[in-house]
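Open the model in your viewer and keep the selection tool at hand. The tour goes from stop to stop.

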Amino acid sequence: MTDLDALDVIVVGGGGAGLAAAVSAAEQGAQVLLFESERELGGSTQLSAGLFTAAGTSVQRGLGVEDTAERYFQHYMDLNQWLLKPGLIRAFCTAAGPTLEWLLDLGLDVPAAISPDAHTPGLCRAGVEDVWRGHVPRDQGYGLVQVLDRARRERGVQAVLDTRVERLLFEDGRVTGVVADGIEVRAGAVVVASGGFAQDPGLLDRYYPAAREAGDSLFVVAAPGSRGDHLAFAEQTGSSLAGHGWGLMLPTAYFQRHHHWQAGFPPKSRVYVNFAGRRFMDEDASYAVSGGLILAQDGPVWAVFDEKARLALPTGYTDWTPARVAEEARAGRTLRAGSLAGLAAAMDVPDDALTATVARWNAQLAADGTDPEFLREESLAAKGSPGAPDPIATGPFYAARVLPAELVCTHTGLEIDHEAAVLDRTGAVIPGLFAAGEAGGGVLGMRYVGGGNAVANALTLGRVAGRTAAGAR
Ligand SMILES: Cc1cc2nc3c(=O)[nH]c(=O)nc-3n(C[C@H](O)[C@H](O)[C@H](O)COP(=O)(O)OP(=O)(O)OC[C@H]3O[C@@H](n4cnc5c(N)ncnc54)[C@H](O)[C@@H]3O)c2cc1C
C-alpha cells in the first residue's frame, strides 16, 4: 500500500502520458500515485491505433530505413510553419526514438516489417514525410497500455481508479498535491496527464471552435474522460496555454458517425470535387494534410462515385455500405442522378467541369494507374492497394459531402518547456507542476505530423515528465 505521507509524484490521468510518467518516475526511485477518473485505465490511448512516429529507431534500421532525429525535427517544424518552439520540438524529436526503444524493452512488439495501414504491426507511411516513421505496435493502443500498465504494477505504482482529481493544491506559488474525492493528497510534484477536451462542447467553442464548424456531422471518438480538466487546473495555477485553436479532425462523409474501423471505407473509385467541379487533392492523402486541403476550398467538397462502386462496398460496417448509401440517397441527403450533368446540377457545380474531371479520371488513374496531377497511385501503393481503380462510368452517379468532422484529439494544453515543466503567463516554471500528452501544450501543432504524432507526444513527454518530476523532490 502506498504511503500517502511520503509521495514524490502524483500523476493525474492513466492514459498513455500518465502511465509513461508513472513508470518513468518510479524508475527514478520515486514514490508515485496515479489517479484515473474512469473505471479503467487507458483513455484515448487505449482506443487509438497506437501508431507512434519516431526517427532513428531499431525498427527502421531493421528495414534499412535511414533516419535521424534532426531530419524528423526539420520536417516537424516545416510542416507546422515554424509556429512551434524549436527547443521543445527538438527535445521531442530527439526523445521520441529512445522512448520507442524504452517501450520495446518493456515488451512492446513492433516488428521490422512493412505495414500498409494502422492495423498491421510494423512500420508504415504515416504522414507526408519523405521517410517512413509510423510505428504500429501489435494490439495497437490496447497493446501499448497493457505494456505500460504491467510495468506500472511491476514497479509498485498504485493506480486509484474511478477517482477524478478536482483541483490542484497550489500554495505560495507552488503545486503541492491534488484534491480528489474531497481529500487532499500531497506530493513533491504533480504531473497533469488528463488528456484533452474533445468531449466538452463549451471548451471546444472556446479553444477549438473550428471543430464546431462541422455542425451536425461532428462526432467525437476521443475517450469519455477527455473533459478538459487541465484547463481548469491552468486557471487555478495561472499556467500559460499553448496550442489554442488546434486539434485533429479527420475528413469523413457527412453521414459517418464512427471511425473507419467500424464505419467502413468510401469506394476506392471516387474523386473529391470542389465547388468548381474539379479535383483538388489526392483522395488518399494522409490526414496530416487532408483536412487542411478540404477546408482550403471555397465551398463544399463532394465524394463522387458511381453505382458500380456503391454495389462493391463490403457489408458489415455501420456507414459505408451499399444499403446505407442507398438509404442516404433515398432521403435526398446523398445526391444521386442518372447522368453526370444531372449530378453537377444537384451539386451546383459547372457540369462541363465535372464531366471533364471524371473523363480525366477514367483516362488516367482508372486506365493506366497514373495520376499526374495528384500522384494518388503513390498513396494507394503505400496502403497496399496498387492497381488501377475502376472508371466512374456506371449510372446512377452519387455525390456525398466530405468534411473534417471526426474529432480525434485537441491540442490546447498547459504550456510546457523541454522538460515538461509547466510555465506561467510570464514564461517562468511553476514549481511542482508538469504536464504531458494532450494536457501539455506546445508539441501538437496546427498540422498533424504523420499518423502517430499524438501517441508519440503522450508517451515521449509523459516519460520526460515522470523523470523530471521525480527529480523535483
Ligand atoms: C480512436 C482514436 C484513434 C487514435 N489513433 C491514434 C494513433 O494511432 N496515433 C496517434 O498518434 N494518435 C492517435 N490518437 C490520438 C491519441 O490516442 C491521443 O492524443 C493520446 O493517446 C492522448 O494521450 P493522453 O495520455 O494525453 O490522454 P488519454 O490517453 O486520453 O488519457 C487521459 C486520461 O486521464 C483521465 N482523466 C481525465 N481527467 C481526469 C481527472 N480530473 N482525474 C483523473 N483522471 C482524469 C482520462 O479518463 C484518461 O484515462 C487516436 C485517438 C483516438 C480517439
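How far is the sulfur of Cys124 from the closest cysteine sulfur? Select Cys124 and Cys409: the two sulfurs are 16 Å apart, too far for a bond. A disulfide is a pair of cysteine sulfur atoms within 2.5 Å, and the count here is 0 disulfides. Cys409 is likewise in no disulfide, with the sulfur of Cys124 as its nearest cysteine sulfur.

Stay on these two residues and look at their surroundings. Cys124 counts as buried because its relative accessibility is 3%; Cys409 is buried too, with a relative accessible area of 3%. Buried means under 20% relative accessible area, exposed over 50%, and partly exposed in between, with a 1.4 Å probe and protein chains only.

A note on the source: this is a predicted model, where local features need pLDDT of at least 70, side-chain atom pairs count only at pLDDT 80 or more, and totals for chains, interfaces and linings use all residues. Residues are numbered from 1 along each chain as its sequence is written, and side-chain values use heavy atoms, with hydrogens and water left out.

Now select the ligand. It is surrounded by 39 residues (a heavy atom within 4 Å of it). The closest are Glu36, Thr45, Asp229, Glu438 and Val455.

Next, show the backbone of three residues around the ligand. A polar backbone atom of Gly16 is 3.3 Å from a ligand oxygen. At Ala49, a polar backbone atom is 3.3 Å from a ligand nitrogen. At Gly452, a polar backbone atom is 3.4 Å from a ligand oxygen. The protein buries 97% of the 1,000 Å² that the ligand exposes when taken alone; these areas come from the Shrake-Rupley method with a 1.4 Å probe.

Last, select Arg278, Arg279, Thr357, Arg360, Trp361, Gln364, Glu373 and Phe374, which line the largest cavity. A cavity is a set of points on a 1 Å grid over the protein atoms alone where a 1.4 Å probe fits but cannot get out, and lining residues have an atom within 4 Å of a point. The count is 1 cavity of 30 Å³ or more, and the largest has a volume of about 80 Å³, the space filled by probe spheres set on the points. Its lining has 2 nonpolar, 2 polar and 4 charged residues.

Note on methods: 1 Å grid on protein atoms, 1.4 Å probe; cavity = no way out; pocket = protein on both sides within 12 Å on 5 of 7 lines; lining within 4 Å. Nonpolar A, V, L, I, M, F, W, Y, C, P; charged D, E, K, R; others polar. Polar contact = N/O pair within 3.5 Å; in protein donor to acceptor, adjacent residues only side chain to side chain.
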